[in-house]
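Look at the fold below before you read on. Turn it around and follow the chain from one end to the other.

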Amino acid sequence: MEANARWVALTAVAPVAWGANYFVTHEFLPADHPLYGAALRALPAGLVLLTLCRQRPHGAWWGRSAVLGLLNVSVFFFLVFTASQLLPTSVASTVMAVSPLIMMLAAWPLVAERPSTAHLAGAVIGLGGVCLMLLGSAGGISLPGVLASAAAVLVSSVGHVLAKRWNTGSAGVGGAGVLASTAWQLTAGGLLLLPVAVAVEGAPPPVSPSAFLAFCYVGLVATALAFAAWFAGLRRLPAGTVGLIGLLNPVTGVLLGTVIAGEALTGRQLCGLALVLGGVALGRPRSKGGGTGRPGSAGRPSRRRSPGARRVRPSRSG
């Protein structure tokens with residue numbers, strides 16, 4: 001359980017960083033260059049991780065890196081950038097919180113992980129919290145922005161489960177480490193985005209000092225660090241647990257929108273936040289024995305003997 005708690009804490013770095021990323025993107029990055037914004041987020045992060053791991057793709061990982069880079073990076077980053085510019089911080093991050101349910105449904109056929117009752121209950125409770133927070137936002141809701149967020153959820157959920165499938169089990173034997181596979185798909189996604197950005201958006205946008213610092217946060221923290229932590233959690237925890245940890249994304253977005261951006265936090269949103277945190281708690285890894293105490297202790301009689309009790313040898317007749 002202690003090891004699981006450490007992996008949960010590491011995985012939680014990702015949704016917290018992503019929740020803050022909505023605010024940074026909305027406030028400091030150029031609004032009319034979503035393709036360049038996505039490319040400049042992915043490619044530097046991938047190159048930094050490549051420098052750290054110093055491994056190239058091999059075998060099937062050339063094709064896998066391209067597929068994961070397209071889903072988890074190229075398409076996903078473009079949609080997230082678009083949503084961040086069209087929606088308030090709180091709304092953009094809360095729409096993304098439907099991903100736990102999508103990830104559970106995708107994990108069932110792709111990695112044979114049937115969602116547990118606790119995970120499904122956590123997803124339903126979390127979705128209820130999302131609805132409360134979304135409905136509690138006063139104005140500023142753009143239909144294209146909501147659709148972009150919803151599409152990002154669908155694309156990334158499938159891509160994340162595919163990454164789990166290809167990094168664990170028999171498919172991952174002799175394959176890639178978390179750092180290497182994350183570096184490959186970020187680099188591949190950035191390389192796919194760059195020529196499209198040049199063709200569609202022309203010259204790159206001018207970058208002010210504040211935008212440069214924002215790109216540093218987006219690339220190094222919300223991308224390189226966050227994705228490495230996220231994929232490490234996906235390798236070692238059930239997809240349902242990781243998906244529910246992702247509910248910390250809207251919590252971070254709403255709190256930042258309130259504290260920094262001055263967005264109003266209503267009573268309905270407070271109730272929604274409580275439900276979201278309850279959903280995250282339901283997804284925590286449990287011991288094999290199903291109890292809340294030590295692993296494997298539920299439903300077993302205690303083996304402790306009272307002082308002075310004699311040990312009785314088992315009969316050989318049975």
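This report goes from the whole chain to two loop residues, one bent helix and the cavities.

**The whole chain**

The model is predicted. Its secondary structure comes to 13 helices and zero strands. From the N terminus on, every element in the run is therefore an α element, as the helix and strand definitions sort them. The chain has 318 residues, and 49% of them count as buried. Now take the contacts with a separation of 6 or more. Residues 24 or more positions apart account for 89% of these contacts. What about the surface? The chain exposes about 15,200 Å². Carbon and sulfur atoms supply 66% of that area.

**Two loop residues**

Most residues other than glycine have a negative phi. Which residues here have a positive phi although they are not glycine? Arg-54 is one of them, and Ala-112 is another. The table sets them side by side.

| Residue | Phi | Loop | Relative accessibility |
|---|---|---|---|
| Arg-54 | about 55° | between helix H2 (34-53) and helix H3 (61-86) | 74% |
| Ala-112 | about 55° | between helix H5 (99-111) and helix H6 (117-135) | 68% |

Are these residues buried or exposed? The cut-off for exposed is over 50%. Arg-54 is at 74%, so it counts as exposed. Ala-112 is at 68%, so it counts as exposed too.

**A bent helix**

Helix H3 follows the loop that holds Arg-54. H3 has 26 residues. How far should it span? At 1.5 Å a residue, the expected span is 38 Å. The end C-alpha atoms of H3 are 35 Å apart, which agrees. H3 also has a kink of about 40°. The kink is centred on Leu-70.

**Cavities inside**

Rolling a probe the size of a water molecule over the atoms shows where empty space is left. How many cavities of 30 Å³ or more does the structure hold? There are four. The largest cavity has a volume of about 130 Å³. It is lined by 13 residues. Closest to its centre are Trp-18, Met-96, Ser-99, His-160 and Trp-230. Helix H1 (2-28), H5 and helix H7 (143-167) each give two or more residues to this lining. Which element gives the largest share? H7 does, with three residues.

Go back to the structure and find Leu-70 in H3, where the kink is centred. Then find Trp-18 and His-160, which are among the residues closest to the centre of the largest cavity.

Methods
Residues are numbered from 1 along each chain as its sequence is written. This is a predicted model: local features need pLDDT of at least 70, side-chain atom pairs count only at pLDDT 80 or more; totals for chains, interfaces and linings use all residues. Side-chain values use heavy atoms; hydrogens and water are left out. Helices (H or I, at least four residues) and strands (E, at least two) are DSSP runs, numbered from the N terminus. Buried means under 20% relative accessible area, exposed over 50%, partly exposed in between (1.4 Å probe, protein chains only). Contact means heavy atoms within 4.5 Å. Accessible areas come from the Shrake-Rupley method with a 1.4 Å probe; for residues, only the protein chains shown count as cover. The expected span of a helix is 1.5 Å times one less than its number of residues. The bend at a residue is the angle between axes fitted to the seven residues ending there and the seven starting there. On a 1 Å grid over the protein atoms alone, a cavity is a set of points where a 1.4 Å probe fits but cannot get out, and a pocket is an open set with protein on both sides within 12 Å along at least five of seven lines; lining residues have an atom within 4 Å of a point. Grid points are joined across faces, edges and corners, and a volume is the space filled by probe spheres set on the points.
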